[in-house]
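Work through the exercises below with the sequence and the model at hand. Each task is followed by a solution in steps.

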2 protein chains.
Amino acid sequence: MVQDALLRCAAVAAASLLIGACIALALAPPSVGPALGGDADRETLYQVSTIDALLQGVYDGSISFDELATHGDLGIGCGDRLDGELVGVDGEWYLVRTDGRASPTAGNAMTPFATATFFDPDMTVPIDEPKNLTALEGYLETKIPSKNLFYAIRFDGTFPRVVTRSVPAQEKPYPRLADVTANQTVFTFENVTGTAVGFWTPVLAKGVNVPGYHLHFITSDRNAGGHLLDMTVAEGSVQVDTTTNFTMVLPAGGDFWTVDLSENLSEDLKRAEK
Amino acid sequence: MVQDALLRCAAVAAASLLIGACIALALAPPSVGPALGGDADRETLYQVSTIDALLQGVYDGSISFDELATHGDLGIGCGDRLDGELVGVDGEWYLVRTDGRASPTAGNAMTPFATATFFDPDMTVPIDEPKNLTALEGYLETKIPSKNLFYAIRFDGTFPRVVTRSVPAQEKPYPRLADVTANQTVFTFENVTGTAVGFWTPVLAKGVNVPGYHLHFITSDRNAGGHLLDMTVAEGSVQVDTTTNFTMVLPAGGDFWTVDLSENLSEDLKRAEK
């Protein structure tokens, strides 16, 4: 009789385990379609706000670095109130401030402008003779399959010379970005080992992001870096991730809602990026 | 002793239920962040290709209507090879061809250009005096909270007059859209009951979609409609869904990869849309 009871007990326990599993699975969040989960999400370039809003001084952050990290493991952008240049590599996120030091982002700190993706390289472009950044960029452009897609870029190596910049946190009323970068702090590294990461944006996204290249740099010890102004490359290979999906999250309030985005800001952009 | 065994049995069953639930929850798909699951996905405007590519004759479809429907229950666009004007309302999708008839889309048929969202209105704008489409659009623009966001629009009612158009399927080499619409078929409806659906796009997405309004119409019996050219509104109310997230899926091959998207096509767009 005791044995019967224990047998029944085991059967009830097994059934309960099964029922519990079924209930829990039924309560699990539903799939939201192929382009928003799993692999398709990895092929999405995720962007916060627009470059034209940033150029006009929309510097208040609208999403947290913790949230940004759920949309990619590689990326660039800037800190809240323009406080530092953002570099994300291997799922680690850093801000390079005007003292030239890189420090890990606080997860609950915000960004006003950032771009991220999960980096799965589709292409490796070998560089076998010395080039400056302009020559390197021109060369890469001959290798990409279409000028109408987005590409994430990663270049690890030891570089004879790397020039970066950073900008200081701003106070309201915020000046335009080209006026801030007129007083940027510039850093020069020689024979430095590190990683350049960033994106190539097609001209179809003009006003939304920076058409062409936008790269940031971080040293291999993850202690220094910045927005890439120039570099000399001896040899190495550039990894490229072709990205056909683009997601943009616009700020749900703040200065973004009233800024005039109808102007052509190409000249401002040239001043701000170089 | 039997009672003891049964008590232990009940305890084991309860524990098993809990463990089963925990295991199943641990195995459930992870959340991918608020912007890609559930409610946030409903607040995303999903777009296939770009208007500037369509204006230049990129008419081969790149995603199926079945896939489009996983990203929204309301939308507009066109058929493969420009074969008909697409209208999606209440999760039902129709193509209006040059005979003026609306017919349900085949799920495996493709679209070269479309925009869709899950329609959850945030705002209802009452219309209490007669207006033509231009006046209606101007009035709505005074009601939206920001000109820098995307809005989905739905207007159900009986309208004194509605003017729509459709265009025929094209053969390669594809002509430009403005040359196709020069020979569009125009339909005029009087005292017609139906639904106008579509989007208001901010100027930041110029070249990507149609800045300002882009609306299509379908009759209440879902038998006729087209791209909206003009309408007269007596009274009613317009529903508006504010959308801060924008996702664009670019074609993974075909003519899109080589088309020149650097031109300003505003004049082409005016000719094609009116």
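**Exercise 1.** Decide whether B:Thr258 is buried or exposed in this predicted model, and place the residue in its chain.

*Solution.* Start with the neighbour count: B:Thr258 has 11 C-beta neighbours inside 10 Å. The cut-off for exposed is 12 or fewer. B:Thr258 therefore counts as exposed. Next, find the element: B:Thr258 sits in the loop of chain B between β16 (245–249) and α7 (266–273). Last, compare sequence with space: B:Val58 is 200 residues away from B:Thr258 in sequence, yet their C-alpha atoms are 9.9 Å apart.

**Exercise 2.** Do the same for A:Glu267: is this residue buried or exposed?

*Solution.* Count first: A:Glu267 has 10 C-beta neighbours inside 10 Å, so it counts as exposed. Then locate A:Glu267, which belongs to helix α7 of chain A, residues 266–273. Finally, take the distance to A:Phe256: 11 residues separate the two in sequence, and 21 Å separate their C-alpha atoms.

**Exercise 3.** State which residues have the most contacts inside the largest nonpolar core, then list contacts of B:Ile153 beyond four places in sequence.

*Solution.* The core has 144 residues, and A:Val87, A:Ile153, B:Val87 and B:Ile153 have the most contacts inside it. With neighbours within four places left out, B:Ile153 touches B:Val197, B:Gly198, B:Phe199 and B:Trp200, as well as B:Leu215, B:Val238 and B:Val240.

**Exercise 4.** Summarise chain A: how many helices and strands are there, and what share of residues is buried?

*Solution.* Chain A has seven helices and 16 strands. Of its 274 residues, 45% count as buried. Among contacts in chain A with a separation of 6 or more, 77% join residues 24 or more positions apart.

Conventions. Residues are numbered from 1 along each chain as its sequence is written. Chains are lettered from A and ligands numbered from 1 in the order in which they are written. This is a predicted model: local features need pLDDT of at least 70, side-chain atom pairs count only at pLDDT 80 or more; totals for chains, interfaces and linings use all residues. A nonpolar core is a set of buried Ala, Val, Leu, Ile, Met, Phe, Trp, Tyr and Cys residues joined through C-beta atoms within 7 Å. A residue is buried if 20 or more other C-beta atoms lie within 10 Å of its own, exposed if 12 or fewer, and partly exposed in between; C-beta atoms are placed from the backbone. Two residues are in contact if their C-beta atoms, placed from the backbone, lie within 7 Å. Helices (H or I, at least four residues) and strands (E, at least two) are DSSP runs, numbered from the N terminus.
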